[in-house]
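Thanks for making time this morning; I would like to talk through some charged pairs and the packing in the model on the screen.

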Amino acid sequence: VIIMAPALLILLGATVILRADSLAHKKSLLLPPTNFTIKVTGLSQVLLRWESNPDQEPVNIELGYHVRINAPQEDDYETRNTESKRVTVLHKGFSASVRTVSWTGQPLPPSSWVSAELKAPPGSPGTSVVNLTCTTNTTVNNHTPLKPYQVSLHCSWLAGEDAPAGTQYFLYYRYGSWTEECQEYRRDTLNRNTACWFPRTFISSRGSDPLAVHANGSSKHVTIKPFDQLFALHAIDRINPPVNVTAETEGTCLSIWWEKPVSAFPIHCFEYEVKIYNTRKNYSQTEKMTTNTLISIIDDISKYSVQVRATVSSVCRQMGAWSEWSQPIYVGNDDQKPTTEWFLIVLMAAICFILLIFSFICKIGHLWTKLFPPVPAPKSSIKDFFVIVSSEKTASTETEIEVISYVEEPGFETLEDSVF
C-alpha cells in the first residue's frame, strides 16, 4: 500500500491537469455564426447577414468572419461586420457560407461553416435575352450648370431562341443607389424590344462601381427567364475623340495641336495617338503622346491627312478602349512637282504651242512656198539633153519619126515640133 500511494497521487494529478486543459480548450473554441440569411435588396444586389453565436465563451481575442461566395462565382473575403452587401448576377441563383475566425490575438482554428442559398428565379430555358451589350458615352450637360457632363447608356440584345412569338422584353439598370427602367426602346421586325437608349443617366463617368443591367420579359405562353449582367465602366465607356484638331505646315515642319475629348476627366488623364498619312506616298505613321501637341518633320511636296484619337490613361482609372479617330484634316501640297521639273514641263509646252501656231499660220497664207521657192534647173543642160536625144534617134533609123515637144520654161526659146 505504501509503495502504491505515490503512483496513485501521480495518476490523480494527471487527471486533474487533463480536465483543466479540456475546460480551457472548450472555452477557446470558436463557434459558427447563427441566423445566416441572404436577402435581395436591389437590382442584382444581395445582403448577407448573420449573428455571432450566443454560446460563444469569452476569449481574449477579437472575432472576425470569413465569407465564401459559392455561386454564381466563387469569391472569398474576411470582415469584422455581421453583414455584407454584394453586387452580383442572380439569374443563376446565389449561395454563400460564413464561419467565425480570430481577427487578432492568439490564432485559433476557425469554426465550422454555415450556409444559405437563393434559388434561381423561375423561367423557361432559352427564353432570356442573349448577347446583351452596353456602352456609355459622355456628353455636355446643358440642363444642369453644376454638372457640366452627363452620361448616356445604350444597350442591345437578341431574343432567346426559344422565346415564343409575342414575347416582350424590358430593361433596367442600377448604378449605386439609382435604378431606372428604359423608356426608349428600339424594336425588331417581330415588334420585340431589342435595344434601349438612356439619353441621361445617374452613372458617374469617373466612378468605379459596377453597372448592373437586368432584362426580364413577358409572354402569354411561358414564363420568361430574367437575365443579369455586370459591366465595368472602363470597359464599356466609349471615349469621345479629341476636338478642335488643328494642323499647320511651315516648310518641312508640321505642327499639330488639339483639345481633350468631351469628358469629366481632366486633361492630364488622357493619352493620344496621332496618325499622319502621306497621300502621295501612301504611307502613314502613328505617334503616341501624353500631351496635346506634336511637331513632326515632313517633306514639302506632299499632301497629308491628320487624325487624333484618345483614351483614359491608367493614371486616372483602368485603361479601356480607344476613341474613334477624329475627322481628317488636310495640309501640305497635293502631289506638287519640284520647281525645276515644273519649269521644264512649262517650257516644253510653250515651245510646242508656238511651233504649232507658226505651222498653222504658214499653211493658211502659203508662206512656206514663198519663203522657200523651188530652185530652177540650168538652161544649157536642157538643150544638151535634146541634142543628144535627136542624134541617137537619127542614127537608129531614117524612117522613124520622133516628135519631141515641151513647154519652155521662162527664159528659154520655144521649140516647135521637128521631124528628123
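Lys-281 counts as exposed, at 55% relative accessibility, where exposed means over 50% relative accessible area, buried under 20% and partly exposed in between, with a 1.4 Å probe and protein chains only. Lys-281 forms a salt bridge with Asp-299, their closest N and O atoms being 3.5 Å apart; the term requires a side-chain nitrogen of Lys or Arg within 4 Å of a carboxyl oxygen of Asp or Glu.

Before going on, I should say that this is a predicted model, in which local features need pLDDT of at least 70 and side-chain atom pairs count only at pLDDT 80 or more, while totals for chains, interfaces and linings use all residues. Residues are numbered from 1 along each chain as its sequence is written, and side-chain values use heavy atoms, with hydrogens and water left out.

The whole structure has 9 salt bridges, and one of them joins the side chains of Arg-317 and Asp-237 at 3.1 Å, N to O. Arg-317 is buried, with a relative accessible area of 14%, and Asp-237 is likewise buried, at 8%. In another salt bridge, Arg-80 meets Glu-62 at 2.6 Å, N to O; here Arg-80 is partly exposed at 48%, and Glu-62 is partly exposed at 35%.

Turning to the packing, the largest nonpolar core (buried Ala, Val, Leu, Ile, Met, Phe, Trp, Tyr and Cys residues joined through side-chain atoms within 4.5 Å) has 25 residues, and Leu-132, Leu-171 and Leu-211 have the most contacts inside it. A second, separate core of 21 residues includes Ile-256, Phe-265, Cys-269 and Tyr-272.
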